[in-house]
Amino acid sequence: MQKSSWRPWALLAPSLTAVFLLLLVPLCFIVVYSFWLRAPTGADIAAFQLGNYKKFAADFFYPSILLRTIRVAFETVVLCLLMGYIPAYFFYRSKTRHKSVLLLLIMIPFWISFIIRTLSWINILGDTGLINHVLVRVGIISEPLNMLYNEGAVLMGLIQYLLPFMILNVYVSLEGIDKSLLEAARSLGCTEWQAFREVTLPLSLPGVSAGCLLVFVLTSGTYLPPMILGGPRNEMIANLIFKRVIGTLDWPFGSAISVVLLTLLIIIIYTYNRYLGINQIFKSLQ
Amino acid sequence: MNQEPNHPMVQFKGVVKRFDKLVAVEKMDLDIARGSFVTLLGPSGCGKTTLLRMVAGLEQPTEGDIFIKGRRINDVPIHKRNLGMIFQNYALFPHKTIFDNVAFGLKYRKVAKSEVKARVEGALELVRLPGYGNRKPAQLSGGQQQRVALARAIVIQPDVLLMDEPLSALDENLREEMRREIDNLQQMLGVTTLFVTHDQREALSMSDKIVVMKDGRKQQEGSPEEVYNESANHFVADFLGHSNFLNGTVIGAEGDATRVRLENGGELLAASSQQWFPGDKVEAVVRAQKFQILSDLEVPASRDMNSFPGRIIERSYMGGEVSYFVEQRDKTVIHAMSMVRTRPFRRGEDVVLVVAARHCRLLPKT
Ligand SMILES: Nc1ncnc2c1ncn2[C@@H]1O[C@H](COP(=O)(O)OP(=O)(O)OP(=O)(O)O)[C@@H](O)[C@H]1O
Ligand SMILES: [Mg+2]
């Protein structure tokens, strides 16, 4: 007994060290930095003052970007769910022995750089891109359509990035459903569609819930799709942070925005878990 | 729809099921009478589950027809066949309460709310789980879950109750209890039941009729007594209980028995329901339980008793009975089981195994 009590910790030590050094320490740096003062020239000045946060809340400009981020993240979640559940269900029901190949197809985009994938939309949707080129050539339109640099284009980029996460999460939970439950439902008088509603859908909710959360969090922190595919009105909070930190080298203010975003996400995840909770759903399944 | 009442409840006519090249069920003809308890018995992979699933509509026969109450149901979808299924792993809906689980089938039969309540409560009472309606399946033990599954299946008053190894996930004691419970319930409700198992004790104790299967083929069909005492072939005799097989050649008839010269030189007198001719190659089947085991001093002189002297090489105590392996002079071994008597025999003792002619049966040697 005595001996075994330290063992788990010893085994966990390497990963705990990694988490500590690579996640917690930088996070603490950011929190500390958010209270510092920015010097007009030279190094930032260590301080404890709320100036950065006041600046964020001073007028509606910054909070509105935050709200937009939340809204876009929400839209992305809904679209990914609608577009992800169907292929996941298709994989689950497909009788082919090559399910692993299908799943591999879902993973293939990850082998191509995210930046390249995002940029490629310009070649498709841009003024001289594929679609406009074809439409103009065929003569359906005379002037190229404006399809880039709006929220739709940003959503497209986000979905392309995040859809696989949703599909995989939903697929895993579908695959975990005992097939005899469906057979039981069918034998008790359900049509296939009714059995889906009664059994498959409710039992796949843990995967749906996990997928939604993952997509939401990843969207909230991403900056490439809005930067490449969006216009100035489509900026999201991560773009703002990027600009402050990389563009104007205002580390303290960038840190403050990061802390605000982080806090908001924690609150959202906590509430989500509490009411729509992943835990709750899992508990009911035990 | 002609539903003359004299039709069997379920009828298989030349049913074949192939999965690609693999033949799971071969040319099955079988009638299941109304209200009877029929068991499909056989080793793993012999096609029992496949046959059951074809009745349920979960598999389509490759050839042949299946009838329920005289109506061909090959093309009737699963949800329109009025069947109750019980699965090995219970298959209760984990996200629904016990009440909703049991009420599930009624909901899709458009039964009125008030009647649903009464019928669900009645069914839960039948399986001795009254008042469990508000719980979730996860809060019940394995045996209780299987009883809920039973309630869910019978509450819809199915034409046939289909059970695929419903007891195999339960532990030994519980299995015995559930076995009796299912048996009682079936008798009380008189519901036609098709039961799948590879456990012969279950099959023998519960069934009106047993269908022994091997490699997708029906080997024998009959009452438990018939398949046990009058096994149709080597496989059935070997699969049910503990049988000894002694090869020999027919010498001739002796009254209504047949005398056989065994390969090891001895002779054996066996009851025979069919006519044998001298020179026929046969196989005598003797159940291990039918032997009497005597010390070599008390050999009976009776003419219609067969005796096999030998030495005990192995003995194991099994609670109710003792299992002996007796080696004869020619090194062949006979398995005998006997109720514990005054004095159990020891290993190495010389004994004589005695068996009456009427307990020896002859099968043609193929
Ligand atoms: N969906 C399927 N696809 C391919 N082969 C199958 C399928 N279902 C069953 N089989 C094969 O058909 C044969 C009969 O299977 P079945 O499940 O009916 O056996 P069983 O008698 O129920 O065995 P067990 O006692 O192990 O449950 C087996 O060889 C099995 O591998
Ligand atoms: Mg089976």
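**Strands, helices and a ligand site in chain B**

Trainee: How many bridges join β6(B) to strand β7 (residues 160-164) of chain B?
Mentor: The two strands run parallel; a strand here is a DSSP run of E with at least two residues, a helix is a run of H or I with at least four, and both are numbered from the N terminus. Two strands pair if DSSP finds at least two bridges between them. At one position of β7(B), B:Leu161 stands opposite B:Gly84. The number of bridges joining β6(B) to β7(B) is four.

Trainee: At what pLDDT do side-chain atom pairs count in this model?
Mentor: Residues are numbered from 1 along each chain as its sequence is written, chains are lettered from A and ligands numbered from 1 in the order in which they are written, and side-chain values use heavy atoms, with hydrogens and water left out. The model is predicted, so totals for chains, interfaces and linings use all residues, local features need pLDDT of at least 70, and side-chain atom pairs count only at pLDDT 80 or more.

Trainee: Which strands stand at the edges of the open sheet of six strands?
Mentor: The strand order is β6-β7-β8-β3-β9-β10 (chain B), with mixed pairing. Two of these strands have a single partner each, so one side of each is left without a neighbour in the sheet: β6 (83-86) and β10 (217-222) of chain B.

Trainee: What angle does the direction of α1(B) make with that of β7(B)?
Mentor: Neighbouring strands of the six-stranded sheet are turned by 15° against each other on average, direction ignored; axes are lines fitted to C-alpha atoms, for helices over the stretch in contact, and angles run from 0 to 180 degrees between N-to-C directions. α1(B) packs on this sheet and touches strands including β3 (37-41) and β8 (192-197) of chain B, contact meaning heavy atoms within 4.5 Å. The angle between α1(B) and β7(B) is about 150°.

Trainee: Which strands are at the edges of the open sheet of four strands?
Mentor: The order is β2-β1-β4-β5 (chain B), and the pairing is antiparallel. The strands that pair on one side only are β2 and β5 (71-72) of chain B.

Trainee: What angle does the direction of α1(B) make with that of β1(B)?
Mentor: β1 (residues 10-19) and β4 (residues 63-68) of chain B are joined by five bridges, and B:Lys13 has B:Asp65 as its bridge partner in β4(B). α1(B) packs on this sheet, touching β1, β2 and β4 of chain B, and its angle with β1(B) is about 120°.

Trainee: Which residue in the turn between β11(B) and β12(B) has a positive phi?
Mentor: β11(B) and β12 (residues 257-262) of chain B pair in the antiparallel sense over six bridges. The two strands form a hairpin with two residues between them, and the residue with a phi of about 65° is B:Gly255.

Trainee: How much of the accessible area of ligand 1 does the protein cover?
Mentor: An oxygen atom of ligand 1 is 2.8 Å from an N or O atom in the side chain of B:Lys48. For B:Thr49, the corresponding side-chain distance from an oxygen atom of the ligand is 2.5 Å. Ligand 1 has 640 Å² of accessible area on its own (Shrake-Rupley method, 1.4 Å probe), and the share covered by the protein is 60%.

Trainee: Which element supplies the largest share of the shell around ligand 1?
Mentor: The 13 residues around the ligand, each with a heavy atom within 4 Å of it, include B:Ser44 and B:Gly45 among those that come nearest. β2 (22-32) and α1 (48-56) of chain B each supply at least two residues of the shell. The largest share, three residues, comes from α1(B).

Technical notes
A polar contact is a pair of N or O atoms within 3.5 Å; within protein, one must be able to donate a hydrogen and the other to accept it, and residues adjacent in sequence count only if both atoms are side-chain atoms.
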